[in-house]
Amino acid sequence: MKAILLRDLGGPELLRLEDVADPTPGPGEAVIRLKAAALNHRDVWIRKGQYAGIKLPAILGSDGAGIVERVGEGVDASLVGREVVVNPSLDWGTDERFFGPNFRILGLPDAGTYAQFVKVPAENVHARPAGLSWNEAAAIPLAGLTAYRALVSRAKAQAGETVFIPGIGSGVATFALLFAKKLGARVLVTSGNEAKLERARALGADGGACYKDAGWVDKIRELSDGQGPDVVIDGVGGETYAACIDLLRPGGRIATFGATTGPVPDFLTRQVFWKQLNLLGTTMGSPAEFAAMLDLFADGSLRPVVDRAFPLAEASAAHQHMDEAGQFGKIVLEIP
Ligand SMILES: NC(=O)c1ccc[n+]([C@@H]2O[C@H](COP(=O)([O-])OP(=O)(O)OC[C@H]3O[C@@H](n4cnc5c(N)ncnc54)[C@H](OP(=O)(O)O)[C@@H]3O)[C@@H](O)[C@H]2O)c1
């Protein structure tokens, strides 16, 4: 098969299309002929060598949608030919609260979806939501799952509450926006550019600010009745996380899933205990959460935000686009 192989760490130009052996399904596994894959920032961290446990060469990619081609021993043969999306949360384990010792994310160490075929446990294969294109279906898995667990399971956002999502151009952030609006929450966002704030408003965001303006924290506070948001869903980290602690109203919750801009400079402990805040950590999600998240797309009322699609062979251009934070939503790879 054709696949994008990462042999060395560094710039996006290192992602090259090569011929590699087709995967063969072992017991309990299914091989999917992929129609589309999608990028996550994880792929960029790995490519740059800023991720734990890197083994090269690697086929990156946690998101994929396609048609089941073959199944291994013990798997229902009627799965062959089905249109599916893949849950990239492998071997989560039995505890809803956190993953077990064998947990892995598809796309390192297991070969990922920047390829014509991918092999996954059959239990990680779910029916493609009707009415979504291949590109839309492939955009969902990792970011949709992360946003769902952060917003619904961890922060327990409620209708009528104000949810603040910094850096709305992020794949995960766009899903958090869709899900929060579906729940009936008010949503405030930030972005590095006005055009993305406009796109967020078109998706239902109730207000926003540009994080490059010095006054963004005050503006978000103002937009949340001077009290601050009830809930923050943050993957930005760094100074933004500290600002969110400052912004949250007393009793507020922050679910954090990433640190794109680096470590938190000053933890503001006094604010945390005085305002009785709830600091929540979250990563990916369980099989039950993946199924519940996918159900939100079943009636066709929600569509993932696809920024742009590149052919698989142009994965390096797609990475460049993510390096420059050019995207609003998910960057997709179309697979021949
Ligand atoms: N723990 C988990 O399970 C998990 C899962 C998924 C992702 N993550 C992590 O979460 C982060 C986001 O992932 P992703 O795939 O959604 O990334 P992405 O699509 O590449 O989005 C990154 C976004 O960060 C925003 N940003 C950059 N600098 C910022 C700043 N100073 N203030 C506010 N926003 C800023 C930008 O938003 P604008 O474009 O609006 O300017 C940019 O689009 C990454 O660090 C990733 O590793 C963790």
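Start by selecting Pro109, which sits in the loop between β7 (104-105) and β8 (117-121). Keep in mind as you click around that this is a predicted model.

**Stop one: the β7–β8 loop**

Add Leu108 to your selection and look at the peptide bond running from there to Pro109: the bond is cis, with omega near 5°. Leu108 belongs to the loop between β7 and β8. Its backbone has another feature to check: phi of Leu108 is near 135°, which is positive even though the residue is not a glycine. Is Leu108 buried or exposed? Leu108 counts as buried, because its relative accessibility is 5% and the cut-off for buried is under 20%.

**Stop two: another cis proline**

Now jump back along the chain and select Leu56 and Pro57. Here too you'll find a cis peptide bond, this one with omega of about -5°. To get your bearings, Pro57 is in the loop that runs between α1 (41-47) and β4 (63-71).

**Stop three: a lysine tucked away**

Next, select Lys275, in the loop between α8 (269-274) and β15. Lys275 is buried, yet it has no salt bridge. Which side chain of opposite charge is nearest to Lys275? That would be Asp246, 5.2 Å away. A salt bridge needs the nitrogen and the carboxyl oxygen within 4 Å, so that pair doesn't qualify. Don't hide Asp246 yet, though: the Lys275 side chain reaches the backbone oxygen of Asp246 at 2.9 Å. Try drawing that distance in your viewer.

While you're there, show what else surrounds the lysine. Setting aside neighbours within four places in sequence, Lys275 is in contact with Ile245, Asp246, Leu247, Leu248, Pro250 and Gly251.

**Stop four: a greasy spot on the surface**

Move on to Leu279, in strand β15 (residues 278-281). Leu279 counts as partly exposed because its relative accessibility is 33%, and that class covers the range between 20% and 50%. Now select Val264 and Phe267 as well and switch on the surface display. Together with Leu279 they form a nonpolar surface patch, with about 220 Å² of accessible area between the three.

**Last stop: Met284**

Finish by following the chain to Met284, in the loop between β15 and α9 (287-295). Met284 is not a glycine, but its phi is positive, at about 45°. Where does this methionine fall, buried or exposed? With 4% relative accessibility, Met284 counts as buried.

Technical notes:
Residues are numbered from 1 along each chain as its sequence is written. This is a predicted model: local features need pLDDT of at least 70, side-chain atom pairs count only at pLDDT 80 or more; totals for chains, interfaces and linings use all residues. Side-chain values use heavy atoms; hydrogens and water are left out. Patches are made of residues with over 30% relative accessible area and no salt bridge: like charges are joined within 9 Å, nonpolar side chains (Val, Leu, Ile, Met, Phe, Trp, Tyr) within 5 Å. Accessible areas come from the Shrake-Rupley method with a 1.4 Å probe; for residues, only the protein chains shown count as cover. Helices (H or I, at least four residues) and strands (E, at least two) are DSSP runs, numbered from the N terminus. Buried means under 20% relative accessible area, exposed over 50%, partly exposed in between (1.4 Å probe, protein chains only). Lys and Arg count as positive and Asp and Glu as negative; His and the chain ends are not counted. A polar contact is a pair of N or O atoms within 3.5 Å; within protein, one must be able to donate a hydrogen and the other to accept it, and residues adjacent in sequence count only if both atoms are side-chain atoms. Contact means heavy atoms within 4.5 Å.
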